[in-house]
Amino acid sequence: SVLSGCQEKNELVMGTNAAFPPFEYIGGADGNAVVGFDVEIAKAIAEKAGKTLRIEDMEFDSLLTALNADKIDFAIAGMTITDEREKSVDFSDPYYEATQAVIVRKADNPISTKDDLNGKKISVQLGTTGNEIAKEFTDDSNIVAFNTGFEAIMELKNGKVDAMIIDEQPAQNFIRQNSDLEIVSLDFDPEYYGIAVKEGKSSEELLPIINETLKELKANGTYDKLLSEYMK
Ligand code: ARG
């Protein structure tokens with residue numbers, strides 16, 4: 001293999017935050033493996049690189065630091081490509097188009113337009129684009145940021161906040177399991193998920209393999225198969 005540096009091993013280490021279904025979550029046959037759409041893509045990348053895949057599950061907010069400290073080889077976590085993140089890491093070609101969704105309690109939903117978010121109490125996952133959007137509408141003192149989306153959902157269920165903001169697919173997933181909650185579609189901008197690598201050697205050596213894998217998965221129908229399997 002051409003890979004060197006931190007990839008000079010038989011394994012390729014994927015970093016993620018496995019509390020973001022259907023992209024990454026704890027499940028599988030024994031109920032405690034990290035599985036999901038992103039994991040399938042990561043497996044294909046490892047296979048193409050001729051390496052074994054190891055998964056490091058960590059806080060979303062520490063993924064880019066872990067990457068730059070060589071604790072992981074790439075981060076795949078439904079991570080939106082943003083200008084801010086581009087400053088510290090490199091991203092693959094976009095592999096999924098997403099958008100943000102607002103979740104509310106059915107019983108007392110105060111939100112029907114974006115303006116209604118002004119000054120509301122909002123829960124989010126720390127360091128996410130949903131967290132950034134919340135800041136556009138309400139003061140920091142009204143934002144409750146948690147390490148996982150699950151905790152942010154509990155805060156909403158418990159009546160402590162008026163709304164929660166998270167990416168649409170996980171939002172769908174959460175409301176399927178919580179019949180007291182619903183999604184308000186407010187037409188936020190599209191976001192594009194990318195796979196992050198460290199700048200420099202990783203970017204030169206691993207990124208082409210990642211992009212090549214994405215291209216192949218799309219061309220051979222695997223990507224569409226995964227979409228229909230994981231996106232409900
Ligand atoms: N797309 C959003 C972002 O990049 C949320 C990603 C959260 N991912 C996760 N695995 N928890 O900020």
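**Close-up 1. Who lines the largest cavity in this predicted model.** By class, three nonpolar, five polar and two charged residues make up the lining of the largest cavity. The model shown here is a predicted one. The lining residues are Phe20, Phe60, Gly78, Met79, Thr80, Arg85, Gln125, Thr128, Thr129 and Asp167. As for volume, the largest cavity comes in at about 50 Å³. Searching the whole structure turns up one cavity of 30 Å³ or more.

**Close-up 2. Where the cavity falls relative to the domains.** Domain 1 covers 5-96 + 192-230, and domain 2 covers 100-184. Both of them hand over residues to the lining of the largest cavity, so this cavity lies between the two domains.

**Close-up 3. The ligand at home in the largest cavity.** If you're looking for the ligand, it sits in the largest cavity. There, 14 residues surround the ligand, and the closest are Ala77, Thr80, Arg85, Thr129 and Asp167. Sorted by class, this shell has five nonpolar, six polar and three charged residues. Why does the shell around the ligand lie between domain 1 and domain 2? Because both domains, 5-96 + 192-230 and 100-184, give residues to the shell.

**Close-up 4. Polar atoms facing the ligand's oxygen and nitrogen.** Start with threonine 80, where a backbone N or O atom lies 2.8 Å from an oxygen atom of the ligand. For arginine 85, an N or O atom in the side chain is 2.8 Å from an oxygen atom of the ligand. Glutamate 24 is the one to check for a ligand nitrogen: a polar atom of the glutamate 24 side chain lies 3.1 Å from a nitrogen atom of the ligand. How much of the ligand does the protein bury? Taken alone, the ligand exposes 350 Å², and the protein buries 100% of that.

**Close-up 5. Thr80 and Arg85 once more, with the cavity and ligand together.** Thr80 and Arg85 both help line the largest cavity, and both are among the closest residues to the ligand. Thr129 and Asp167 also appear in the cavity lining, and they too are among the residues closest to the ligand.

Notes: Residues are numbered from 1 along each chain as its sequence is written. This is a predicted model: local features need pLDDT of at least 70, side-chain atom pairs count only at pLDDT 80 or more; totals for chains, interfaces and linings use all residues. Side-chain values use heavy atoms; hydrogens and water are left out. On a 1 Å grid over the protein atoms alone, a cavity is a set of points where a 1.4 Å probe fits but cannot get out, and a pocket is an open set with protein on both sides within 12 Å along at least five of seven lines; lining residues have an atom within 4 Å of a point. Grid points are joined across faces, edges and corners, and a volume is the space filled by probe spheres set on the points. Ala, Val, Leu, Ile, Met, Phe, Trp, Tyr, Cys and Pro count as nonpolar, Asp, Glu, Lys and Arg as charged, and the others, Gly among them, as polar. Domain bounds come from an automatic or database domain assignment. A residue is near a molecule or strand if one of its heavy atoms lies within 4 Å of it. A polar contact is a pair of N or O atoms within 3.5 Å; within protein, one must be able to donate a hydrogen and the other to accept it, and residues adjacent in sequence count only if both atoms are side-chain atoms. Accessible areas come from the Shrake-Rupley method with a 1.4 Å probe; for residues, only the protein chains shown count as cover. A molecule sits in a cavity or pocket if more than half of its atoms lie within 2 Å of its grid points.
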